[in-house]
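Please open the model in your viewer and keep the selection panel at hand. The tour proceeds by selections, each followed by a description of what is found there.

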Amino acid sequence: MNQYNSWQSWIQQMMNQMEQQQKMIEQLQKQIEQIQSIEHPPKTVIEKIEYKFDQLKIETLEGTLQIGLTPNGSDLSEIGDLYSNQGKQLPQTDDQALHFLQEYMVADIPVWMNQYCRDHDIQVSEEHKERMIADVRKQLPQRMEYYRNQEPEAPPETLFHQIQTEIQHSIAQYFETLQGDDDR
């Protein structure tokens, strides 16, 4: 009798579970039907927008056309570089551009150098980096003069960005050719 009771109770348990599952299935089916029956809000569809530029009157068209992601044709290595220059004043004169480049060498280049060395697994001592920065800073007036002679009509901000790009490119090239840091 003992086995009969255990089988009977097990079967009863299974039947109860099946009933609960059947109720759950019925509830879920009702919910699905309710969700499907709810009207979806109308979608906004914009068919076609026609611009009639021939009706515009343009007296003068001036300015610089910026194509692509990088302003002034600068070679930004990361999208973060694009936003790091926001809020900063752009140079209006060659002297101001030179001053901004000097600040750039003190504030931004050491961070950039550290990141570059980390990314490319290059070992360079802090003293070596400081000497490199000092050497580049001494060359800035000549580089400004060189670029001014190449492009006499270029605005100072263009020269500023060209020299910034040249600095990063030159340092990266130097790091790539550096065979270990023998503290030169």
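**Helix α4**

Begin by selecting α4, residues 109-120. The 12 residues of this helix should span 16 Å at 1.5 Å a residue, and the end C-alpha atoms are indeed 16 Å apart. The model is a predicted one, and the distances quoted on this tour are computed from it.

Show the side chains of I109, W112, M113, Y116 and C117, which are the buried residues of α4. They cover an arc of only 130° around the axis, which puts them on the same side of the helix. Now turn to the other side of α4, where V111 and R118 are exposed. The buried residues of α4 pack against α3, α5 and α6.

**The residue after α4**

Which residue follows α4 with a positive phi? Select D121, whose phi is near 50°. D121 lies in the loop between α4 and α5, and it has this positive phi although it is not a glycine. Most residues other than glycine have a negative phi. D121 is exposed, with a relative accessible area of 63%.

**Helix α3**

Next, select α3, residues 94-107. Its 14 residues reach 20 Å from the first C-alpha to the last, close to the 20 Å expected at 1.5 Å a residue. Display A97, F100, L101, Y104 and M105, the buried residues of this helix. Look down the axis of α3: these residues fall within an arc of 145°, so they line one face of the helix. Their packing partners are α4, α5 and α6.

**Helix α6**

Proceed to α6, residues 156-177. At 1.5 Å a residue, its 22 residues should span 32 Å, and this agrees with the 32 Å between its end C-alpha atoms. The buried residues of α6 are P156, T158, L159, F160, H161, I163, Q164, I167, Q168, I171, A172 and F175. What covers them includes α3, α4 and α5.

Two residues of α6 merit a separate selection.

- F160, found in helix α6, is buried, with a relative accessible area of 8%. Leaving out residues up to four places away in sequence, F160 touches P91, A97, F100 and L101. Measure from F160 to L98 in the viewer: these two are 62 residues apart in sequence, yet their C-alpha atoms are 7.5 Å apart in space.
- I171 is also among the buried residues of α6. Beyond its neighbours within four places in sequence, I171 is in contact with I109, W112, M113 and M132.

**The nonpolar core**

Which residues have the most contacts inside the largest nonpolar core? Select M105, I109, M113, I167, I171 and F175 together; these hold that place in a core of 27 residues. At least two residues of this core come from each of α3, α4, α5 and α6, with α6 giving the most, at 7 residues. In soluble globular proteins, nonpolar side chains tend to be buried together.

**The whole protein**

Clear the selection and view the entire chain. The protein has 6 helices and 0 strands, so the selections above can be placed within a pattern that reads α-α-α-α-α-α along the sequence. Of its 184 residues, 21% count as buried. Among contacts with a separation of 6 or more, 67% join residues 24 or more positions apart. The accessible surface comes to about 15,200 Å², and carbon and sulfur atoms account for 52% of that surface.

**Confidence**

Finally, colour the chain by pLDDT. The average for the protein is 79, and 71% of the residues score at least 70. Where is the confidence lowest, and where is it highest? The lowest value belongs to helix α2, residues 79-84, with a mean of 48, and the highest to α5, at 91. Select residues 68-76 as well: the pLDDT is below 50 over this stretch, which has 14 contacts in the model beyond near neighbours in sequence. Where pLDDT is low, the predicted coordinates should not be read in detail.

Methods. Residues are numbered from 1 along each chain as its sequence is written. This is a predicted model: local features need pLDDT of at least 70, side-chain atom pairs count only at pLDDT 80 or more; totals for chains, interfaces and linings use all residues. Side-chain values use heavy atoms; hydrogens and water are left out. A nonpolar core is a set of buried Ala, Val, Leu, Ile, Met, Phe, Trp, Tyr and Cys residues joined through side-chain atoms within 4.5 Å. Buried means under 20% relative accessible area, exposed over 50%, partly exposed in between (1.4 Å probe, protein chains only). Helices (H or I, at least four residues) and strands (E, at least two) are DSSP runs, numbered from the N terminus. Contact means heavy atoms within 4.5 Å. pLDDT is the predictor's confidence in each residue, from 0 to 100. The expected span of a helix is 1.5 Å times one less than its number of residues. The arc is that of the directions from the helix axis to the C-beta atoms. Accessible areas come from the Shrake-Rupley method with a 1.4 Å probe; for residues, only the protein chains shown count as cover.
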